[in-house]
Amino acid sequence: MSSELCARAMAAQGQPFTCFHAIHGTNVRIDPSATQATRVESFANGLCFSQDPLAPGQLFLVEIEEKEFGWCGHLRVGLMARDPRSLDLVPEYSLPDLVNQGDSWVFAITRNHNRVTPDEDEDMSRLGKDLSDPYLKVGKFKIPRDKLIARSRPGRFSHILDDLYKTNILPPTARRSRIGVLYEPQADGTGHMHIIINGEDMGASARGLPASQPLYAVIDVFASTKSVRVIQLEYGFPSLQTLCRLVIQKHVVHRLAIDWLDLPQLLKNYCKYE
């Protein structure tokens, strides 16, 4: 399905459609839906951007689809206060090349080294730590946590892996991990950038971003991360489709058991994979 058709389908549901920009690194290939980015050569030149600037509180979320072992380093994400079309040449690296050009804030994904020192009034103990809450709360923004958390492909140990994803025990760059970026506007007109890993808010990674300017998501498919896929999110109340899926999943032992149900194959696939 083309990105235009995908966008129309999401618009019909009242949801914003997110995909990759046509401008990207020379080693990246974008699929026809513009939602999957794969680095086909080397370990660098994997920079990608969101097609549109993000709205305040809008999360640009990707899932790590494929890894390539033998390289040092992992996925890098961030924001850029420039239209990707303004780049004379897409840099080889987000760090330090893109950041050194200014108006970009990018971090290599780790669990502990992608946040700034908290303000005295910021309670770090409450930053997205309650993973049992069905909503992720970042400031005044609430995002249903259902699609934020990684899910294994159905298999013999999928129920065990899913529990590890839900408790965020696995490394943040593990295959199937879901990583996103958003910005939270502040009263002074600036913004705080937040990185979200499997439904957990890592806290403010950068402060003082120009929230009055268009801010594009930056995804660097770097080194051992080979392919990522954009995850479409639901904002506000979950859709009836999502609620039905949750009810079905609640009444099975694990996702392999969905195959035994007397349901259309498309619905089985939806319940298992998304």
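These legends accompany close-up views of a predicted model.

**View 1. The whole chain holds 5 helices and 13 strands.** The protein chain has 274 residues, and buried residues make up 51% of them. About 13200 Å² of the chain is exposed. Carbon and sulfur atoms supply 57% of that area. Among contacts between residues at least 6 apart in sequence, 69% join residues at least 24 apart.

**View 2. Seven strands form an open sheet with antiparallel pairing.** The order is S1-S2-S13-S4-S9-S10-S11. Strand S1 (28–30) and strand S11 (200–210) are the edge strands. Each of these two pairs on one side only. Neighbouring strands of this sheet are turned by 20° against each other on average, direction ignored.

**View 3. At one end of the seven-strand order, strand S10 meets S11.** Strand S10 covers residues 190–197. S10 and S11 pair in the antiparallel sense, over 6 bridges. Glycine 191 stands opposite leucine 209, a residue of S11. Alanine 204 also has its place in strand S11. Is alanine 204 buried or exposed? Alanine 204 is buried, because its relative accessible area is 2% and the cut-off for buried is under 20%. Glutamate 184 is 20 residues from alanine 204 in sequence. In space, the two C-alpha atoms are 9.0 Å apart.

**View 4. Four strands form a further open sheet, with antiparallel pairing.** The order is S3-S12-S5-S6. Strand S3 (47–49) and strand S6 (104–108) stand at the edges. Each has a single partner strand, so one side of each is left without a neighbour in the sheet. Neighbouring strands here are turned by 20° against each other on average, direction ignored.

**View 5. Strand S5 pairs with the edge strand S6.** S5 spans residues 76–80. The two strands run antiparallel, and 5 bridges join them. Which residue of S6 is the bridge partner of methionine 80? Serine 104 takes that place.

**View 6. Glutamate 68 forms a salt bridge with arginine 39.** Side chains of opposite charge can pair when their charged atoms come close. The N to O distance between glutamate 68 and arginine 39 is 2.9 Å. Glutamate 68 lies in the loop between strand S4 (60–67) and S5, and arginine 39 lies in strand S2 (residues 36–39), so the pair ties together parts that are 29 residues apart in sequence. Glutamate 68 counts as partly exposed, because its relative accessibility is 25%. Arginine 39 counts as buried, at 0% relative accessibility.

**View 7. Glutamate 68 also forms a salt bridge with lysine 226.** Here the N to O distance is 3.9 Å. Lysine 226 lies in strand S13 (residues 225–231) and glutamate 68 in the loop between S4 and S5, so this pair ties together parts that are 158 residues apart in sequence. Lysine 226 counts as buried, because its relative accessibility is 16% and the cut-off is under 20%.

**View 8. Arginine 176 and glutamate 63 meet in a salt bridge.** The side chains come to 3.4 Å, N to O. Arginine 176 lies in the loop between helix H3 (158–166) and strand S9 (178–185), and glutamate 63 lies in strand S4, so the pair ties together parts that are 113 residues apart in sequence. Are these two residues buried or exposed? Arginine 176 is buried, and glutamate 63 is buried too.

**View 9. Shared partners join several salt bridges into one network.** The network takes in Glu63, Glu65, Arg176, Arg178 and Arg229. A search of the whole structure finds 9 salt bridges.

**View 10. Three leucines make a nonpolar surface patch.** Leu240, Leu243 and Leu246 form the patch. Its area is about 280 Å². Leucine 246 lies in helix H4, which covers residues 240–250. How exposed is leucine 246, and what is its relative accessible area? Leucine 246 is partly exposed, with a value of 34%. That value allows leucine 246 into the patch, because patch residues need over 30% relative accessible area.

Key
Residues numbered from 1 in each chain as written. Predicted model: local features only at pLDDT ≥ 70, side-chain atom pairs only at ≥ 80, totals over all residues. Heavy atoms only, no water. Patch = residues over 30% accessible without salt bridge, like charges linked within 9 Å, V, L, I, M, F, W, Y side chains within 5 Å. Areas by Shrake-Rupley, 256 points an atom, 1.4 Å probe, with all protein chains shown as cover. Salt bridge = Lys/Arg side-chain N within 4 Å of Asp/Glu carboxyl O. Buried < 20%, exposed > 50% of the residue type's maximum accessible area, 1.4 Å probe, protein only. Contact = heavy atoms within 4.5 Å. Pairing = 2+ DSSP bridges. Axes fitted to C-alpha atoms, helices over the stretch in contact; angles between N-to-C directions.
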